[in-house]
Amino acid sequence: MGDLQNPDSVSYLSKREAAEIDEILMGPLGFSVDQLMELAGLSVATLIAEVYILNEYPRVLTICGPGNNGGDGLVAARHLHHFGYKTSVCYPKRTPNILYTGLVTQLESLPIPFLSVDDLHLDLSNDFDILVDAMFGFSFHGKGCIRMGLKQRKIAVESKLFDLQKIILKEGVYLKVTEKGWKGGLSNIWVPEEVIVWLKKVLGACLEEKQGIIIPKGPRSSGWRSFHKAVAFFIQKSNPEVRRFPLGPQNQNHVRVGSCVNPGGKWRVGSLANRISQRQGGRDSLQTESMVGLRCHAEKLGGESRIVVDRDVGNFNRWSEAVVCSIGGLDQADDWEGETKIISQCLEEKNIILFPFDEHWAIFHSSTPRPPFDELIQRLVRLQSLDQKRQKSPVIVSVDVPSGWHVEEGDNGGEGIKPDMLVSLTAPKLCAKKFCGPHHFLGGRFVPPSIADKYKLYLPPYPGTSMFVRIGKPPPTDIATLRKNFISPEFHEEDVEADPMDQFHKWFDDAVAAGLREPNAMALSTANMDGKPSLRMVLLKGVNKEGFVWCSNYESRKAFEISENPRASLLFYWDSLSRQVRVEGAVQKVSDEESEEYFHSRPRESQISAIVSKQRTIVPRRHVLHQEYKELEAKFSDGLQYSLKEIDGRHLWTIERLAP
Ligand SMILES: NC(=O)C1=CN([C@@H]2O[C@H](COP(=O)(O)OP(=O)(O)OC[C@H]3O[C@@H](n4cnc5c(N)ncnc54)[C@H](OP(=O)(O)O)[C@@H]3O)[C@@H](O)[C@H]2O)[C@H](O)CC1
């Protein structure tokens, strides 16, 4: 394991892994979605309060999407309101399930205003200091294909007949496309990811010129051969220098994982094979098919590899952003070009890549957010392009994934939002590698070791009780600008006790009740006879009307200084309660009997350690201390009580009391 403060050593999740972990958490591990969402939203809110202090960034707009990412935003908005931020929410596509309606009711009752997209000014910078981007998380995808299910167009969208899957082979990342052959059989095409990436780039550029491209019909042969030819066609057209990508199982550079999905062949695979058999029934069934996806994984069996169908995931939700669709009509329309034109008109997204590799098959890609989120994202982008000209513009905090970014590839094209803070949940998604803002944190704190082990997650440990941990180095700190957001109840005169000692007791009890670590720790300041001060932390051992008591080694600097100059001061600092108490006064030694009594109340090891460590002297070597310790341990191993004098012959231990 590398240095986990270094972003390169931390684990990043693919979209698929993130979805799987989500399922495990909410399946076998028994979490509920609202539980996880509460933890996620609370992490986001506490982080914002930590980094963007209330005094300087009081106005927050949380923009929420329709999924769980939006739910995280709603939860964060509630906590931010309680922390004192003036919070507004924009939630244009409300999800009508009880979890979300409950969250909305909670916010409305506070009350937190809900603003529509039209209520928001085009320029958000005048109204807000913080913009929380909770539009889309790891399930963001382009799915132009879904819109193809327009029955009146007689376009069948088949998802059952293909399986497009990113598969990691030894040689690299591939997309596996399982394709229906002309006799109903199925065959696989292996497409190196670089081809897909390259296609996106090339065709993306064309789209800019033409506002929606329609790729000319591919050659009439079927399968990977036509795909290969079509790729070659585009390579030549746009850049003759680009090498031809090798394609297909026949090429020695490619590995075929197995011929798993041929229903007539040797390797039938459970539900996928059944599905295929059902589909053999006749073409008419094509149109009535609901959209269903299949999740598979590759595995070795008896020296052969095969694909195993894990689960039907439905509606392409968790699929790769490229999908393969049959675009033939009921009557297997030959007018492929005409069909694609119709489809393109049906698709609202501009950024669609439509790539045919057969007359009835195409690869689609779209990563454009649908309205009104496209517009909202553009407002955030525009804000940042104006950024340089402004003194101060709102900071953008993205939850889990910057909205509009490809979950794995990041801000393709560099025209997306550039958040100032990214709060990754569970573990950073692959796109987080491209995050360049000043603050990247991991939040949520809900990943149990079983998941960390299964996915070999290397993540920085959460410090103490914190809900978040920084990934990477913090930006250089300007100490002058360090300020903390103090959130504590108001302190009124009528709440103050007449006797300061009573007030101290009250606050001390509060500190104990709040579970502070060592609430009795206090800074003790002494000075020598010339007035030269010194300061150290000690533990309060008692307090009553007579004063504050602590113990001291008689030979220590503090004891020495107090013997010269019996004036001292104490400071208690209870950080999380935003309270401190100062005490000044004269110090007296408590009687030898009391000192002795206290000394013996300490564990025997502490007694011996106190004797061995001769304060204000130079320790010749560590082993000398060890040696002395062992000798004393042996000498007094009978368990009897010895007076300090008997043990050491020195007057060693004292209790001191400061009377305020
Ligand atoms: N285990 C965890 O890490 C937890 C993370 N949480 C948060 O949950 C999200 C993932 O939530 P999920 O509901 O799966 O999905 P999203 O919120 O990312 O988005 C799904 C919705 O977005 C719509 N969508 C997707 N793409 C587009 C698009 N191009 N244009 C418009 N809308 C889009 C999608 O609609 P569809 O109709 O297309 O399905 C969904 O409505 C994770 O990132 C964390 O933030 C949990 O809170 C706790 C556990």
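**Entry 1: strand β20 and its neighbours**

I began with strand β16 (residues 521–527), which is joined to β20 by three bridges, with the two strands running antiparallel. I should jot down early that I am working on a predicted model.

Which residue of β20 is the bridge partner of Leu524? I looked it up, and Leu570 is the one.

Next I checked the other pairing of β20. Strand β21 (residues 579–589) runs antiparallel to β20, and eight bridges join them. Here I noted that Arg567 has Ala586 in β21 as its bridge partner.

I then followed the chain from β20 into β21. The two strands form a hairpin, with four residues between them. Ser578 sits in that turn, and I wrote down its positive phi of about 55°.

Which residues of β20 are on the covered face, and which on the uncovered one? I went through strand β20 (residues 567–574) and put Ala568, Leu570, Phe572 and Trp574 on the covered face. Arg567, Ser569, Leu571 and Tyr573 go on the uncovered face. I had to remind myself of a general point: side chains in a regular strand alternate between the two faces of the sheet. Leu570, on the covered face, is the residue I had already met as the partner of Leu524.

**Entry 2: strand β1**

Today I moved to strand β1, residues 59–64. Is it mostly covered or uncovered? I found it mostly covered, since five of its six residues are buried.

I looked up its partners one by one. With strand β2 (residues 86–90), β1 runs parallel, and five bridges join the two. Arg59 has Lys86 of β2 standing opposite. With strand β3 (residues 130–134), β1 also pairs in the parallel sense, over five bridges. In that pairing, I found Asp133 of β3 as the bridge partner of Ile63.

What lies between β1 and β2 in the β-α-β unit? I traced helix α3 (residues 68–82) there, and the unit is right-handed.

**Entry 3: a closer look at Asp133**

I went back to Asp133, which has its place in strand β3. Why does Asp133 count as buried? Its relative accessibility is 0%, and buried means under 20%, so it easily meets the cut-off.

I also checked a residue from far along the chain. Asp133 and Val401 are 268 residues apart in sequence, yet their C-alpha atoms are separated by 8.9 Å.

**Entry 4: the ligand**

I listed what surrounds the ligand. Which of the 25 residues around it come nearest? I got Asp72, Gly137, Ser139, Asp400 and Thr426. By class, I sorted the shell into ten nonpolar, nine polar and six charged residues.

Then I went through some polar atoms. The side chain of Asp22 has an N or O atom 2.8 Å from a nitrogen atom of the ligand. A polar backbone atom of Gly137 is 2.6 Å from a ligand oxygen. For Phe138, a backbone N or O atom lies 3.0 Å from an oxygen atom of the ligand.

How much of the ligand's accessible area does the protein cover? On its own the ligand has 950 Å², and the protein covers 88% of that.

I also looked up which elements give two or more residues to the shell, and they are α1 (15–26), α2 (33–51) and α3. The most comes from α3, which gives three residues. That is the helix I had met in the unit with β1 and β2.

**Entry 5: two serines and a lysine**

I found Ser393 in the loop between α10 (373–386) and β12 (395–399). Ser393 is buried because its relative accessible area is 14%, under the 20% cut-off. I put its C-alpha atom 8.1 Å from that of Asn126, which is 267 residues away along the chain.

Ser466 is in a loop too, between α11 (449–454) and β15 (468–470). With 18% relative accessibility, Ser466 counts as buried. I followed its side chain and saw it reach the backbone oxygen of Phe468 at 2.9 Å.

My last stop was Lys630, in helix α16 (residues 622–635). Is Lys630 buried or exposed? I noted 55% relative accessibility; exposed means over 50%, so Lys630 counts as exposed. Its C-alpha atom and that of Ile608, 22 residues apart along the chain, are separated by 9.2 Å.

Conventions: Residues are numbered from 1 along each chain as its sequence is written. This is a predicted model: local features need pLDDT of at least 70, side-chain atom pairs count only at pLDDT 80 or more; totals for chains, interfaces and linings use all residues. Side-chain values use heavy atoms; hydrogens and water are left out. Buried means under 20% relative accessible area, exposed over 50%, partly exposed in between (1.4 Å probe, protein chains only). Two strands pair if DSSP finds at least two bridges between them. A crossover is right-handed if, with the strands pointing away from the viewer, the path from the first strand over the helix to the second runs clockwise. A residue is near a molecule or strand if one of its heavy atoms lies within 4 Å of it. A polar contact is a pair of N or O atoms within 3.5 Å; within protein, one must be able to donate a hydrogen and the other to accept it, and residues adjacent in sequence count only if both atoms are side-chain atoms. Accessible areas come from the Shrake-Rupley method with a 1.4 Å probe; for residues, only the protein chains shown count as cover. Ala, Val, Leu, Ile, Met, Phe, Trp, Tyr, Cys and Pro count as nonpolar, Asp, Glu, Lys and Arg as charged, and the others, Gly among them, as polar.
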